[in-house]
Amino acid sequence: MTPDQWAAVDHYFESLFIPSDPILSAALDASAAAELPSIQVSPNQGSLLHVLARTVNARRILEIGTLGGYSTIWLARALPNDGHLISLELDPKHAAVAQQNLERAGVSSQVEIRIGRASDSLEKLYAEKPAPFDLVFIDADKQSSKEYVDWSLRMTRPGSLIIVDNVIRKGEVINAASADDRVHGIRRALDAMASEPRLVCTGVQTVGSKGYDGFALAWVK
Ligand code: SAH
Ligand code: DHB
Ligand code: MG
């Protein structure tokens, strides 16, 4: 099995399940034109997020790490009309590209991007005593992932789903001696999730157009 085969099968599933979508394509084009890093979830990963959001009947979604809003569009499209998504982004340039992409996608009335360090935004958000989020997607600086899991536990309810991106990193996650502090950030988050009695967790390895990576899923008991 080779990365070419993973990508070919990914494209096969895209051709089956993801009809050509000018809005998602335009979001990717605008992100590339603005020279944002091309690290958004793959189309199939986006559709997985969408299916999971629908599965938990998510009405309120929290995303940490917006980039150009590609995953945001997939998640926002799973919301009912009165649903709401808050997405946290450090880089104002990323947020501006995302805002345009969300407007083009017709979901901007349901999505609020908050600019700043996620740790600051989360503290402020928590102080507002928000209604619990039904789904949290953690996809920002990997070094802070454990902290983001901790905040997620404070702002969810039994039955909520917490999803953490990039937990495999080509398999490097099992290397406790890794020189990559992102790997250690993810390992700390996974350890905390594993020892948290309120969570039921699983890991999903993904291969495809984005290489070998994956998600951790945690369901709040
Ligand atoms: N979820 C997006 C990809 C996010 S990439 C998608 O799949 O489409 C990670 C994003 O997190 C980048 O835009 C980066 O600027 C942002 N980020 C990095 N550190 C951050 C921090 N401390 N607080 C908030 N956002 C941060
Ligand atoms: C990186 C970050 C991501 O969120 C991702 O999905 C892939 C790669 C990165 O920082 O390299
Ligand atoms: Mg990611």
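Let us start at ligand 2, whose surrounding residues are I39, D139, K142, D165, N166, R169, R182 and K210. Keep in mind as you look around that this is a predicted model. Sorted by class, the shell around ligand 2 holds one nonpolar, one polar and six charged residues.

Now zoom in on some of the individual contacts. In the side chain of K210, an N or O atom is 2.5 Å from an oxygen atom of ligand 2. The side chain of K142 also takes part, with an N or O atom 3.0 Å from an oxygen atom of the ligand. D165 offers a polar side-chain atom that lies 3.2 Å from an oxygen atom of ligand 2. On its own, ligand 2 has 290 Å² of accessible area, and the protein covers 75% of that. The space that ligand 2 takes is the largest pocket.

Some of the names you have just met come back at the metal. Which residues hold the magnesium ion, ligand 3, as its protein donors? They are D139 (OD), D165 (OD) and N166 (OD1), and they lie 2.0 to 2.2 Å from the ion. If you follow the chain, these donors show the spacing D-x25-D-N. Two of them, D139 and N166, link distant parts of the chain, 27 residues apart. You can find D139 in the loop between β4 (133-138) and α7 (145-154). N166, for its part, sits in the loop between β5 (156-165) and α8 (181-194).

D139 also leads us onward to ligand 1. This ligand has 20 residues around it, and those that come nearest are S71, E89, H94, A118 and D139. So what kinds of residues make up the shell around ligand 1? By class, there are nine nonpolar, six polar and five charged residues.

Here, too, you can pick out single contacts. E89 places a polar side-chain atom 2.6 Å from an oxygen atom of ligand 1. The backbone joins in as well: a polar backbone atom of G65 is 2.8 Å from a nitrogen atom of ligand 1. At L67, a backbone N or O atom lies 3.4 Å from an oxygen atom of the ligand. How much of ligand 1 does the protein bury? Taken alone, ligand 1 exposes 590 Å², and the protein buries 89% of that. The space taken by ligand 1 is the largest pocket, and the space taken by ligand 2 is described in the same way, as the largest pocket.

Technical notes: Residues numbered from 1 in each chain as written. Chains lettered and ligands numbered in written order. Predicted model: local features only at pLDDT ≥ 70, side-chain atom pairs only at ≥ 80, totals over all residues. Heavy atoms only, no water. Near = heavy atom within 4 Å. Polar contact = N/O pair within 3.5 Å; in protein donor to acceptor, adjacent residues only side chain to side chain. Areas by Shrake-Rupley, 256 points an atom, 1.4 Å probe, with all protein chains shown as cover. 1 Å grid on protein atoms, 1.4 Å probe; cavity = no way out; pocket = protein on both sides within 12 Å on 5 of 7 lines; lining within 4 Å. Sits in = over half its atoms within 2 Å of the grid points. Nonpolar A, V, L, I, M, F, W, Y, C, P; charged D, E, K, R; others polar. Donors = N, O, S within 2.8 Å, 3.2 Å for Na, K, Ca; no water. Helix = DSSP H or I, 4+ residues; strand = E, 2+ residues; numbered from the N terminus.
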